[in-house]
Amino acid sequence: MFHLMEPLFDLAYLGLVVALGLRLLLEESPSAKRYGFMAVLLGAGDAFHLVPRILAHLSSQGFERYLPLLSWGEFVTSLSMTFFYLLFYAYYRERSGDSSSWKKTLVLVLVALRVVLVLLPQNGWGTEGNYAFSLLRNVPFALLGFFLILWAWQKREVEGLRYTALLIFLSFLFYLPVVIGARFVPLLGALMIPKTVAYVLLVLVGYHYFIRDFTALSLLKTSFVFLILGLSAGVFYREVTRAFHYSVYTTLAVLHVHLLVLGTLFPLVLYAILKEQAGELSSLKRPFNLTLSGLALTVVSMSVRGLSQITVTEALPFPDGALSGIAGIGHILLGVGLVLSLLNVLRLEFV
């Protein structure tokens with residue numbers, strides 16, 4: 001069952017943080033755009049490591065087969081996470097008003113040291129790696145995290161920084177045991193799941209700080225986000241099937257259609273209907289978000305199904321009925337959300 005749940009979780013995580021980041025990039029505020037870039041960087045960087053993990057979970061002897069990709073993916077993620085926290089420090093400075101020059105110098109030194117250590121060939125990227133060096137390169141990263149936790153905690157009452165210290169602390173609390181002991185106790189690798197949840201919540205802190213209203217323009221911006229996701233899904237389908245020399249039908253072929261029709265056209269139609277509505281559309285927000293949640297669960301399930309069709313050559317490594325059931329739940333949420341959304345539109349239009 002774990003061979004099913006981790007791919008579902010990883011794909012949901014990547015899609016969510018990238019979608020939230022793209023949505024923030026559409027805001028007028030430069031600070032919101034920077035936070036959006038943080039989220040996109042987080043998702044894009046982690047994708048280099050998580051996509052090979054997903055393929056490994058769906059393949060027999062997958063982790064041995066994808067070892068080079070997993071290792072180089074960790075290399076990219078190591079760099080992207082470092083710059084993620086550098087951008088978070090810039091966000092912290094702006095929100096807290098802390099313009100201390102020594103703090104800025106300390107952060108830049110730790111970031112530079114971390115990058116240099118990651119780039120050194122002694123890491124053995126593309127192989128099982130050098131355990132001692134994996135510990136060494138995480139020393140400046142852990143110190144960076146420690147100082148960000150300390151400073152964010154001191155400013156925890158500042159709007160936009162609330163809970164950030166706790167979430168960064170939790171992310172490192174779950175991450176460091178994996179670095180130190182997962183090679184010897186593989187079960188410790190499961191701690192990456194709560195670590196990832198902490199990152200999602202950290203992105204949501206910024207999202208809810210910068211985006212508070214739900215108006216007709218929100219529908220238009222959401223439509224644009226799903227346009228990007230839909231086009232990306234089409235490219236992903238094309239490149240994955242090409243990489244595996246796969247020419248038979250796979251559900252990956254219809255991912256972009258679902259995203260473009262239900263994620264792009266549906267909000268666009270709602271926007272065309274409601275663009276003259278002044279103020280917030282608070283009654284529409286929940287059913288609309290329910291629709292998007294159902295669509296996300298449906299698309300994630302279809303992605304796992306499609307990838308398994310391409311990579312699995314023997315028996316499925318997970319119960320097929322379980323995946324069908326999860327996809328069914330996604331379809332139910334999607335259907336209920338669509339109905340409730342349109343009922344709310346009718347009420348808004350004809351009251």
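Student: Leaving aside its neighbours within four places in sequence, which residues is T298 in contact with?
Tutor: This is a predicted model, so take every value here as computed from it. T298 sits in helix α11, which covers residues 282–311. Skip the neighbours within four places in sequence, and the residues in contact with T298 are A327, G330 and H331.

Student: Is T298 buried or exposed?
Tutor: T298 has a place in helix α11, and the cut-off for buried is under 20% relative accessible area. The relative accessibility of T298 is 1%, so T298 counts as buried.

Student: How far apart are the C-alpha atoms of T298 and I326?
Tutor: Along the chain, T298 and I326 are 28 residues apart. In space, their C-alpha atoms are separated by 7.9 Å.

Student: Let's go to α7. Where is V179, and is it buried or exposed?
Tutor: You'll find V179 in helix α7. Its relative accessibility is 15%, and buried means under 20%. V179 therefore counts as buried.

Student: Which residues does V179 touch, leaving aside neighbours within four places in sequence?
Tutor: V179 is one of the α7 residues that make the contact with α6. With neighbours within four places left out, V179 is in contact with Y131, S134, L135 and N138.

Student: And how far apart in space are V179 and L191?
Tutor: In sequence, V179 and L191 are twelve residues apart. C-alpha to C-alpha, the distance in space is 10 Å.

Student: How do α6 and α7 run, roughly parallel or roughly antiparallel?
Tutor: Helix α6 spans residues 131–154 and helix α7 spans residues 164–181. Their axes come within 9 Å and cross at roughly 165°. Angles over 145 degrees count as roughly antiparallel, so α6 and α7 are roughly antiparallel.

Student: Is the crossing of α6 and α7 left-handed or right-handed, and what classes of residue make the contact?
Tutor: The crossing is left-handed. From α6, the residues making the contact include F141, A142, I149 and W153, and from α7 they include I168, F169, F172 and L176. By class, the contact of α6 with α7 has 15 nonpolar, four polar and no charged residues.

Student: What does α7 reach from its first C-alpha to its last?
Tutor: α7 has 18 residues. At 1.5 Å a residue, the expected value is 26 Å. What α7 reaches is close to that, at 26 Å.

Student: Which helices do the buried residues of α7 pack against?
Tutor: Among the buried residues of α7 are T164, L167, I168, S171, Y175 and V178. V179 is one of them too. The buried residues of α7 pack against α4, α6 and α8.

Student: What about α2 and α8: at what angle do their axes cross?
Tutor: Helix α2 takes in residues 30–57, and its axis comes within 10 Å of that of α8. α2 and α8 are roughly antiparallel to each other, and that follows because angles over 145 degrees count that way. The axes cross at roughly 160°.

Student: Which residues of α8 do S31, A32, Y35, A39 and L42 of α2 meet, and how do the classes divide?
Tutor: α2 passes α8 in a left-handed crossing. On the α8 side, the residues met are Y199, L202, V203, G206 and F210. The residues of this contact divide into eight nonpolar, two polar and no charged.

Student: Now the loops. What is the phi of Y163, and where is Y163?
Tutor: Y163 lies in the loop between α6 and α7. At 57% relative accessibility, Y163 counts as exposed. Although Y163 is not a glycine, its phi is positive, about 75°.

Student: And what is the phi of H245?
Tutor: H245 is in the loop between α9 and α10. With a relative accessible area of 75%, H245 is exposed. Its phi is positive in a residue other than glycine, near 55°.

Student: Last one: how far apart in space are S101 and N123?
Tutor: S101 lies in helix α5, residues 101–119, and counts as exposed at 55% relative accessibility. S101 and N123 are 22 residues apart in sequence. C-alpha to C-alpha, their distance in space is 32 Å.

Methods: Residues are numbered from 1 along each chain as its sequence is written. This is a predicted model: local features need pLDDT of at least 70, side-chain atom pairs count only at pLDDT 80 or more; totals for chains, interfaces and linings use all residues. Side-chain values use heavy atoms; hydrogens and water are left out. Axes are lines fitted to C-alpha atoms, for helices over the stretch in contact, and angles run from 0 to 180 degrees between N-to-C directions. Helices (H or I, at least four residues) and strands (E, at least two) are DSSP runs, numbered from the N terminus. Angles under 35 degrees count as roughly parallel, over 145 as roughly antiparallel, 65 to 115 as roughly perpendicular and the rest as oblique. A crossing is left-handed if the near helix is turned anticlockwise from the far one by less than a right angle, and right-handed if clockwise. Contact means heavy atoms within 4.5 Å. Ala, Val, Leu, Ile, Met, Phe, Trp, Tyr, Cys and Pro count as nonpolar, Asp, Glu, Lys and Arg as charged, and the others, Gly among them, as polar. The expected span of a helix is 1.5 Å times one less than its number of residues. Buried means under 20% relative accessible area, exposed over 50%, partly exposed in between (1.4 Å probe, protein chains only).
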